[in-house]
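Q: Please take a close look at one part of this model, the lining of the largest cavity: how do its residues divide into nonpolar, polar and charged? After that, please go on to the rest of the interior and to the aromatic rings.

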Amino acid sequence: MSPAAADAVHARATLGKAAAENFPVAPSFLPRAWREGLMAVYGYARLVDDIGDGDLAPGGRDAVLLGLDPAAVDDRLAMLDAFEADLLRVFGGTDGPPRHPLLLALQPVVRTHGLTPEPFLGLIEANRQDQRVTRYETYGDLLGYCELSANPVGRLVLSLTGASSPERIRRSDAVCTALQIAEHLQDVAEDLGRDRIYLPAQDMRRFHTTEADLEAPTAGASVRALIAFETERARDLLNEGTPLVGSVHGRLRLLLAGFVGGGRAALRAVTAAGFDVLPGPPKPTKSGLLREVAAVLRTAPRKG
């Protein structure tokens with residue numbers, strides 16, 4: 001296999017992780033141009049998260065593609081810096097085209113849709129923050145993190161589909177923050193294994209929950225009460241963002257209903273588990289996801 005073919009296979013492995021997300025990333029009913037744009041953005045977001053989480057494929061190929069020594073793959077901050085430098089090549093850097101195949105695929109999407117660097121840079125900064133900050137004192141602090149780690153994705157979706165407006169961005173931010181919190185709730189045990197806790201410390205104290213409680217194989221009453229409280233917060237955010245679905249039409253309406261429905265299905269799975277997220281991530285079924293999407297389409301208020 002040629003180096004170029006090997007790199008293409010490497011990139012497809014990252015894109016293949018879309019199937020494990022709580023929501024459909026680029027469903028087949030969308031126009032081809034939208035699907036290609038959404039997958040390019042997803043590939044970018046997935047790769048930057050994999051760098052920040054230390055989940056890159058073994059062998060150091062991503063480091064080499066970004067111009068680093070293979071051993072640098074374990075230096076997350078160095079990798080994020082190199083990734084940012086490659087992102088700037090997407091936007092017309094002076095030292096040639098992007099080096100990583102996922103960023104090379106992003107470049108025509110950026111040009112076609114006139115995307116700006118800010119949302120992409122926000123995702124990188126969120127992953128830098130993950131290297132420095134492992135606990136969040138307040139819910140407001142967590143929302144600030146979500147502003148970097150989640151909200152840029154929704155804004156990019158609106159830009160790719162030509163649907164941006166101040167009101168839609170506000171609703172999208174609520175949906176994306178809710179999706180991020182839902183993922184945090186599903187992944188409490190996994191995140192703790194990385195020495196990260198996204199449950200606000202203030203809330204943990206309120207519900208008399210300690211870090212030791214989160215290390216247990218199953219959740220006690222205090223942990224379950226805490227998770228139930230955060231689940232309701234995320235559900236309120238989803239409800240706040242749901243009018244976004246009714247503000248658009250056609251296939252974009254279906255796509256956004258998929259995002260909201262995916263979040264609702266994830267939260268329903270957490271609830272169905274009795275808010276015991278410690279044995280592993282409660283995951284929605286496909287039928288459960290479809291039911292939630294259908295419910296969003298039935299109930300989202302239409303505008304325009």
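A: In this predicted model, the lining of the largest cavity is made up of 11 nonpolar residues, one polar residue and three charged residues. The volume of this cavity is about 110 Å³. Among the 15 residues that line it, His184, Leu185, Val188, Tyr198 and Leu199 are the closest to its centre. Three elements give two or more residues each to this lining: α7 (139–149), α9 (166–186) and α10 (188–193).

A search of the whole structure finds two cavities of 30 Å³ or more, and the second largest holds about 60 Å³ of space. Its lining consists of Gly154, Val157, Leu158, Ser172, Val175, Cys176, Leu244, Leu256, Phe259 and Val260. The elements that contribute two or more residues here are α8 (151–160), α9 and α15 (250–272). By class, eight of the lining residues are nonpolar and two are polar, with no charged residues. Helix α9 therefore appears in both lists: it gives two or more residues to the lining of the largest cavity and two or more to that of the second largest.

Now the aromatic rings. A pair of aromatic rings is described by the distance of the centres and the angle of the planes. The structure holds seven aromatic pairs. One of them joins Tyr44 and Phe120 in an edge-to-face arrangement, with 5.0 Å from centre to centre and 85° between the planes. This pair links distant parts of the chain, as Tyr44 is in helix α2 (residues 32–53) and Phe120 is in helix α6 (residues 118–132), 76 residues apart. Both Tyr44 and Phe120 are buried.

Another pair, Phe207 with Phe229, is tilted: the centres are 5.3 Å apart and the planes are at 45°. Phe207 belongs to the loop between α11 (201–206) and α12 (211–214), while Phe229 belongs to helix α13 (residues 221–241), so the pair ties together parts that are 22 residues apart in sequence. Phe229 also has a charged neighbour: the charged end of Arg206 sits over its ring, 4.6 Å from the ring centre.

A further charge sits over a ring at Tyr139, where the charged end of Arg233 is 3.8 Å from the centre. Finally, Tyr44 and Phe120 belong to one aromatic cluster together with Phe83 and Phe91.

Terms used. Residues numbered from 1 in each chain as written. Predicted model: local features only at pLDDT ≥ 70, side-chain atom pairs only at ≥ 80, totals over all residues. Heavy atoms only, no water. Phe/Tyr/Trp six-rings, centres within 6.5 Å; stacked < 30°, edge-to-face > 60°. Helix = DSSP H or I, 4+ residues; strand = E, 2+ residues; numbered from the N terminus. Buried < 20%, exposed > 50% of the residue type's maximum accessible area, 1.4 Å probe, protein only. Lys NZ or Arg CZ within 6 Å of the ring centre and 35° of its normal. 1 Å grid on protein atoms, 1.4 Å probe; cavity = no way out; pocket = protein on both sides within 12 Å on 5 of 7 lines; lining within 4 Å. Points joined across faces, edges and corners; volume = space filled by probe spheres on them. Nonpolar A, V, L, I, M, F, W, Y, C, P; charged D, E, K, R; others polar.
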